[in-house]
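Please open the model in your viewer and keep the selection panel at hand. The tour below proceeds by selection, with a note on what each one shows.

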There are 2 protein chains.
Amino acid sequence: MTTPRPGLRERKKQATREALREAALRLAVERGPDQVRVEDIAEAAGVSPRTYNNYFASREQAIVSAVTADREARIAAAVAARSAEVRLADAVTEAVVEQYTNAGEREQRALLLITTQSALRDAFLDATADIEPPLTAVIAERLDGAEAHTARVLAASVAAAVRIALESWLRPAQNAETAGSRAAGGLVVPSGSLSGQLRAALAPLAPAFDAAEQHTQP
Amino acid sequence: MTTPRPGLRERKKQATREALREAALRLAVERGPDQVRVEDIAEAAGVSPRTYNNYFASREQAIVSAVTADREARIAAAVAARSAEVRLADAVTEAVVEQYTNAGEREQRALLLITTQSALRDAFLDATADIEPPLTAVIAERLDGAEAHTARVLAASVAAAVRIALESWLRPAQNAETAGSRAAGGLVVPSGSLSGQLRAALAPLAPAFDAAEQHTQP
DNA sequence: CAGGAAAAGTGCGTGCACGCAAGTTTGCGT
DNA sequence: ACGCAAACTTGCGTGCACGCACTTTTCCTG
C-alpha cells in the first residue's frame, strides 16, 4: 500500500534527484558555495543543465535539499506514529523537535556551510514551508469532524512557527533593527538551543490545537 | 511624530515607486500581462531598467503592488485603532476582513486581471507575507508581558491563514489533486465569499490569541 | 509482442535578477 | 556657503529560470 509499484521510471527519477543533490552539496563544500555553477552540478550528475532545473528551481535549493532530504515526510510519519491518545499539540511538537534535532554527522557539517551564506540560509528557511502539505494530511486525519480549512491553517501555522524558530536560531543577534520587532520597549534576545527555540515557538499554538481537537471529540 | 521629516529624498523615492506601480499596472491592463517587459515599465516610468529592480524584485511584484499598495500598514493601523477592550482575536479578524473587502473600483478590475495569470496569482499570494512584521508590532504591543516569540508566531499564523483563505477564494475548484488535502475520505469544496473565507480561516487561531491574551491580563 | 501514448530529458533562445563599479543627486555639518 | 559623505541611479556583464519544440525512454493495452 505504501509502495504499490515503485516503477523503473520513478526509481530513475529519484536516482537523478539524488545524484543532483549529492553533486550540489559536494561541489559546494569543495569550492565555496559561490564557485559552483548550475552547469557544474549538472555535469557532475551526468545530466543536462536544462534537466537540472526540471528538478530544482534554484541553485540554492539543490544544495539545501541534500540536507533537508525528505524531512517533511519524516515529520508527518512521526506524527502519525504517535498514539491518538496523546494531545495532538504534543504529538506535533515532539515530532518536529525529534526530526530537527536528529542530525547526522554530514548534515551537521552541511548546516555549518549553509549558515555562512545568506542565500543558502534563505533557501533553508524557505524549505520549511514544505512541511505544510503532509502535515495537513495527518492533522486532517485526526480532526476529520472539523471545518475544512482548520487542518491547513494549523499546519501552515506550525510551518510558520518552525521557520521563526530556525530563523532566530540561525542569527543569535541581528545587528540592524529587526523591522518592527522592537515594539514594547525592550529588545528581544531569544538565543538558545534549537529544541528550546522550537518548543517556545510552537507553544503559543497549542491552545488552537486543543480547541480544534475538542471540537471533534467532546 | 508620524511624519517627522518626509525629506525631499524620500519623497522622490516614493514618487518613483508610485510611477513604477502605475506604469506596470497600466501596461499590464492595456496589453496582456505577458506582453509587458521590464524595459517597457521602466521607460514608461522614466527610469532605467536597472533602477526598476532596485524597487521590485520581479515583474509580477510591481503589478501586484499597485493593487496591494500599503495594505500591511492599513491592517496594522486598523488593529491598533480598535479598543483594547475587544478580544484581540476579534480585533485582528475584523481588521483583516475590513481591509481586504474594501476594494476600490480600480483595484477590483486589477484583481480580475491578476486571477487570469498564475504568475500574478502567486505574486499576489506571496504579498500576504508582508503583513507579518507590522502585525507583529501591534500584537506585541497588546501582549507585552508574553514570551518573546509569541507575537511573531501569531502574526505569522495570521498571514498563513489569510494566504490560505485567498488561495481557496481564487480557485473555486482545483481540478487536479490538491497535494495531500484529500485526507479523510471526502473532498473539500470551500468556495464562498471572501470575507467568509477569511473568517473561517482565522477562526481556528482564536483560541491561541485568547490564551496569549490571558497570560498578560489574568 | 507490437505500437502508440505519456513522460522524462535536451538544445536553444529570451528576458531577467543582481553584483559591481562608476556617475549623480541630496543632505548636513562647519 | 561650501564641500564632503551618504544615498540613489545607471551601464555593463554574467549566470540563470523557463517556455517551446523535439528526441528518447518507459509503460500500458490490445
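In this predicted model, select domain 1 (10-66) and domain 2 (70-171 + 188-216) of chain A in two colours: each gives at least three residues to the lining of the second largest pocket. The space in that pocket amounts to about 380 Å³. Its lining comprises 17 residues, and those closest to the centre are A:Phe56, A:Gln61, A:Ser65, A:Ala127 and A:Asp130; display these as sticks.

Next, select helix H1 (8-30), helix H4 (59-68) and helix H8 (118-126) of chain A, the elements that each supply two or more residues to the lining of the second largest pocket. Which element provides the largest share of this lining? It is H4(A), with four residues. Colouring the lining of the second largest pocket by residue character will show six nonpolar, five polar and six charged residues.

Now move to A:Arg87, in the loop between helix H5 (71-81) and helix H6 (88-101) of chain A. Is A:Arg87 buried, partly exposed or exposed? Its relative accessibility is 36%, and A:Arg87 therefore counts as partly exposed, since that class lies between under 20% (buried) and over 50% (exposed).

Add A:Arg142, A:Ala206, A:Asp210 and A:Glu213 to the selection; A:Arg87 is in contact with these residues, its neighbours within four places in sequence being left aside. A:Ala206 is 119 residues away from A:Arg87 along the chain, with 9.2 Å between their C-alpha atoms. Finally, display the side chains of A:Arg87 and A:Asp210, which make a polar contact at 2.6 Å.

Definitions and conventions:
Residues are numbered from 1 along each chain as its sequence is written. Chains are lettered from A and ligands numbered from 1 in the order in which they are written. This is a predicted model: local features need pLDDT of at least 70, side-chain atom pairs count only at pLDDT 80 or more; totals for chains, interfaces and linings use all residues. Side-chain values use heavy atoms; hydrogens and water are left out. On a 1 Å grid over the protein atoms alone, a cavity is a set of points where a 1.4 Å probe fits but cannot get out, and a pocket is an open set with protein on both sides within 12 Å along at least five of seven lines; lining residues have an atom within 4 Å of a point. Grid points are joined across faces, edges and corners, and a volume is the space filled by probe spheres set on the points. Ala, Val, Leu, Ile, Met, Phe, Trp, Tyr, Cys and Pro count as nonpolar, Asp, Glu, Lys and Arg as charged, and the others, Gly among them, as polar. Domain bounds come from an automatic or database domain assignment. Buried means under 20% relative accessible area, exposed over 50%, partly exposed in between (1.4 Å probe, protein chains only). Contact means heavy atoms within 4.5 Å. A polar contact is a pair of N or O atoms within 3.5 Å; within protein, one must be able to donate a hydrogen and the other to accept it, and residues adjacent in sequence count only if both atoms are side-chain atoms.
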